[in-house]
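Here's a quick tour of a protein model for anyone new to reading structures. Keep the picture open while you go through the points.

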Amino acid sequence: MAENRQLRAISLTSHTHRGVKYPIQWGQSDPLQRGPIIGSIADSSLKNTIGSHAGSYCVYRAMAVAKGDLSPVHKPDLTNTEPVVDIGPYPQWFDPAKIVSIDPWGHRVASDFKAEIDAGVDIRPTIAITKARITIPEIQYAVLQGLVKADGKILLASGEANVTKIALEPVWHLPGIAERIGVEEMTLRRAMFEQTGGMFPELVTRPDISIFMPPIGSTTIYLFGDIDAITDPDREVACRVHDECNGSDVFGSDICTCRPYLTHGIEVCIGTAQKGGVGIIVYNRKEGRALGEVTKFLVYNARKRQTGGDRAAAYFERTECIAGVEDMRFQPLMPDPLHWLGVTRIDHMASMSNMKFDALTSQGIEIVNRVTIPDDLIPEDARVEMDAKKAAGYFCDGEVLNSEQLAEKSGRDLEAY
Ligand SMILES: [Zn+2]
């Protein structure tokens, strides 16, 4: 049972204007002047953010506190948790408009703010960097078939791969987020306050606090090869930015191309790393184009039951009927982890998405080659999605169907499962 379970006075964030002890100057090149992100509620007088740590998991933390399993004032012991590789600082970190959705200094807090932490301030990392060995059946198969060669370091003869993996929590600089998506900051704050059911009153009552740690899914980066190649203009960078699709990524559902695209992207990354470059997979928890999995499954049913059957011509329309929009991923936020890594050029971009291409290039990241998914990797029921995307202008080097072909049913009926 945790200590300090006694009831404490509730601090009403909507009615107090105390100012902050550690103000944040977003984009400052000196971390001490930039200031530490303090999202812990252990001492609310020091908090300089709206929201709290751990993204969507902050709700589970609240439950553990409520049940008495976790002390509300527990501070993490950060001994030996420091990053396994150095990343940055890079010039991108010092431009307040370049990175707006993560804290570029988030992996370094245990060293940068050691004095404050030693003095008892609860400052927590928002980025963690470790190493892993991963096993992807598709890569193992490619090694066994001799399609991909093991090198003993990046890719082992067993088909396993060595990676550096990085977890990044969302840390939003609200003025920058608003500017990136093209709305007024107060409009954004008000909508977020209202649409979360009033979860964070400070969004509207504390315009002096510009940092929001939203309760949303996070981002993970998997790096293959030598990280120093990222900033070496003579070495190549391969990349796939992948938005989560649990049904395909993990369970192999054949209605979309997500897992095949991910594993193909990993293969491209490994190949580039083996030539002395580096491969970067950025994995965003933005399930179902950030519409959520319930919406996604409703759309699947509506697609398959509609008059005329599941066909490319009605692919986007069915989503919009249910969700009200086709997509809520806000790709303009997507380049931030790449800016953080110091990426300025991607030689091999494993993606057909024009939204991702435009987001990266409009923010100064050059894309040399766009790599499409090989046709033989497209699952049977995913033709509808693929044909619809190609017809909508996604990058491809194959055939784009005409309107008659797009109107033909090409997806499986519900009775056929
Ligand atoms: Zn998918």
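Let's start with a single residue: does A54 count as buried, partly exposed or exposed, and why? At 26% relative accessibility, A54 counts as partly exposed, because the buried class ends at 20% and the exposed class starts over 50%. Keep in mind that this is a predicted model. UniProt's unreviewed entry puts the feature "domain: GTP cyclohydrolase II" at residues 224-371. That span is 42% helix and 19% strand, and its end C-alpha atoms sit 18 Å apart.

**The little open sheet**

- Three strands make up an open sheet with mixed pairing, in the order β1-β5-β4.
- On the edges you'll find β1 (50-51) and β4 (172-173), each of which pairs on one side only.
- β1 and β5 (residues 211-213) run parallel and are joined by two bridges.
- Look for I50, which stands opposite F212 in β5.
- After β1, in the loop leading to α2, comes A54 again; this residue has a positive phi, near 80 degrees, without being a glycine.

**Helix α7 and its cover**

- Helix α7 spans residues 185-195, and L188, R189 and M192 are buried in it.
- Looking down the axis of α7, you'd see its buried residues within an arc of 100 degrees, so they line one face of the helix.
- Strands β1, β4 and β5 are among the elements covering those buried residues, and so are helices α6 (174-181) and α8 (202-205).
- Just after α7 comes G197, with a positive phi of about 70 degrees.

**The zinc ion**

- Three cysteines donate to the zinc ion through their SG atoms: C245, C256 and C258, at 2.1 to 2.3 Å from it.
- Written as a sequence pattern, the spacing of these donor residues is C-x10-C-x1-C.
- C256 and C258 are both buried.

**Nonpolar cores**

- In soluble globular proteins, nonpolar side chains tend to be buried together.
- Here the largest nonpolar core has 33 residues, and the members touching the most others are I166, I280, L338, W340 and L341.
- Several elements each give at least two residues to this core, including strands β2 (127-135), β3 (160-168) and β9 (345-350), plus helices α14 (336-341) and α15 (354-362).
- Who does L341 touch, leaving aside its neighbours within four places in sequence? The contacts of L341 are I87, Y90, I166, I221, L223, I230, T231 and I280.
- There's also a second, separate core of 22 residues, with V148, F224, C269 and I270 among its members.

**Strand β6 and its partners**

- Five of the seven residues of β6 are buried, so the rest of the structure largely encloses this strand.
- β3 and β6 run antiparallel, joined by five bridges, and T164 has L223 in β6 as its bridge partner.
- β6 and β8 also run antiparallel, with seven bridges between them; here T220 stands opposite Y283 in β8.

**Helix α13 and its cover**

- Helix α13 (residues 315-323) has Y315, F316, R318 and T319 as its buried residues.
- Around the axis they cover an arc of only 160 degrees, which puts them on the same side of α13.
- Helices α11 (287-290), α12 (293-305) and α16 (383-391) are among the elements that cover those residues.
- G324, just after α13, has a positive phi of about 90 degrees.
- In α11 you'll find R289, which has a positive phi of about 55 degrees although it isn't a glycine.
- At 14% relative accessibility, R289 counts as buried.

**Two loop residues to look up**

- L46 lies in the loop between α1 (31-34) and β1, and at 12% relative accessibility it counts as buried.
- Not counting residues up to four places away in sequence, L46 touches K21, Y22, I38 and V121.
- From L46 to F330 is 284 residues in sequence and 31 Å in space, C-alpha to C-alpha.
- P89 is in the loop between α2 (58-67) and α3 (109-112), and the peptide bond from G88 to P89 is cis, with omega near 0 degrees.

How values were computed:
Residues are numbered from 1 along each chain as its sequence is written. Side-chain values use heavy atoms; hydrogens and water are left out. UniProt positions are given in the numbering used here, feature names are shortened, and annotations may be inferred rather than shown by experiment. Helices (H or I, at least four residues) and strands (E, at least two) are DSSP runs, numbered from the N terminus. Two strands pair if DSSP finds at least two bridges between them. Buried means under 20% relative accessible area, exposed over 50%, partly exposed in between (1.4 Å probe, protein chains only). The arc is that of the directions from the helix axis to the C-beta atoms. Contact means heavy atoms within 4.5 Å. Donors are N, O and S atoms within 2.8 Å of the metal (3.2 Å for Na, K and Ca); water is not among the atoms, so sites may look incomplete. A nonpolar core is a set of buried Ala, Val, Leu, Ile, Met, Phe, Trp, Tyr and Cys residues joined through side-chain atoms within 4.5 Å.
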